[in-house]
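User: Please take a close look at one part of this model, the aromatic cluster and the elements around it, and describe how the residues there are placed and what they touch.

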Amino acid sequence: MSLSTNPFPNDADRSAIWTMLVPRDIKAFVNADWSMVEGDFVADDFMGINGNKKDNPDGWTISYPTLADYRDEWVRQAREGQSVVYAEDQEAGIHRATSLTEIEITGERAVAHKKFDGEIKLADGGVDRLNWQTLYFCRKVDGQWKLTGFVGYLPYPMGSTTSR
């Protein structure tokens, strides 16, 4: 069961991409369980670009030249998240902050626009603020949608930060 509603119930391709990038990714991240998402990638064709919260591409970097580099950072962040004491359910909070309603598909390729904009209450009275967006690049492999890379950690909305 997902904590958010699939906006593509009548579109098998978009529904599959949404399921991969929203409920499965969030559940795996909260559990710090890479094995839940490992099969969602094309390992030999992966690259992750870090937008460094800049809207100017001149400030973007290839922070994840391989899937192994991205996996290590993903696991580090997930484990760090497990050490935070939340005043509410972390998984539900991430779902509440996540939006993925735009997926462009052309042939066997797709671009999914995932946005994060929300807060999760912390036990100390503060909040964990989620505010960025990521463009995920997908390719259909043997009938299944897989991730080939992303441009992430971009400002949301774009134009909301100064560059350089």
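Analyst: What follows moves from the aromatic rings to the strand and the helices that carry some of them, and ends with a loop residue.

The model is a predicted one, and a search of the whole structure finds 13 aromatic pairs. Of the aromatic residues, F29, W34, F41, F46, Y64, Y70, W74, Y136 and F150 are linked by ring pairs into a cluster. One of the pairs joins Y136 and F150, whose ring centres lie 6.1 Å apart with 50° between the planes, an arrangement that counts as tilted. Because Y136 belongs to strand β5 (residues 127–141) and F150 to strand β6 (residues 144–154), this pair ties together parts that are 14 residues apart in sequence. Both partners can be placed by their accessibility: Y136 is buried, with a relative accessible area of 9%, and F150 is buried as well, at 3%.

Strand β6 also holds V151 and L154, and each can be examined in turn. With a relative accessible area of 10%, V151 falls under the 20% limit and is therefore buried. Once neighbours within four places in sequence are left aside, the contacts of V151 are I49, W60, Q133, T134, L135 and F137. The C-alpha atom of V151 is separated by 17 Å from that of D72, a residue 79 places away along the chain. L154, for its part, has a relative accessible area of 4% and is buried; not counting residues up to four places away in sequence, L154 touches G51, K54, W60, W132 and Q133. Although L154 and P57 are 97 residues apart in sequence, their C-alpha atoms are 9.7 Å apart in space.

Helix α2 (residues 67–82) comes next, with 16 residues and a reach of 22 Å from the first C-alpha to the last, close to the 22 Å expected at 1.5 Å a residue. The buried residues of α2 are L67, Y70, E73, W74, V75, A78 and G81, and among them Y70 and W74 are members of the aromatic cluster. In an α-helix there are 3.6 residues a turn, so residues three or four places apart point the same way. The cover over the buried residues of α2 includes α1, β2 (61–64), α3 and β6.

Two of those covering elements, α1 and α3, also meet each other. The axes of helix α1 (residues 12–31) and helix α3 (residues 90–97) come within 10 Å and cross at roughly 145°, and the crossing is right-handed. On the side of α1, the residues in contact are V22, P23, I26, K27, F29 and V30, and these meet Q90, E91, I94 and H95 in α3. Sorted by type, the residues of this contact divide into 6 nonpolar, 2 polar and 2 charged. F29, which takes part in the contact with α3, is also a member of the aromatic cluster.

Lastly, D40 lies in the loop between α1 and β1 (47–50). The relative accessibility of D40 is 10%, under the 20% limit, so this loop residue counts as buried. Apart from neighbours within four places in sequence, D40 is in contact with M20, R24, K146 and L147.

Terms used: Residues numbered from 1 in each chain as written. Predicted model: local features only at pLDDT ≥ 70, side-chain atom pairs only at ≥ 80, totals over all residues. Heavy atoms only, no water. Axes fitted to C-alpha atoms, helices over the stretch in contact; angles between N-to-C directions. Helix = DSSP H or I, 4+ residues; strand = E, 2+ residues; numbered from the N terminus. Left-handed = near helix turned anticlockwise from the far one by under 90°. Contact = heavy atoms within 4.5 Å. Nonpolar A, V, L, I, M, F, W, Y, C, P; charged D, E, K, R; others polar. Phe/Tyr/Trp six-rings, centres within 6.5 Å; stacked < 30°, edge-to-face > 60°. Buried < 20%, exposed > 50% of the residue type's maximum accessible area, 1.4 Å probe, protein only. Expected span 1.5 Å × (residues − 1).
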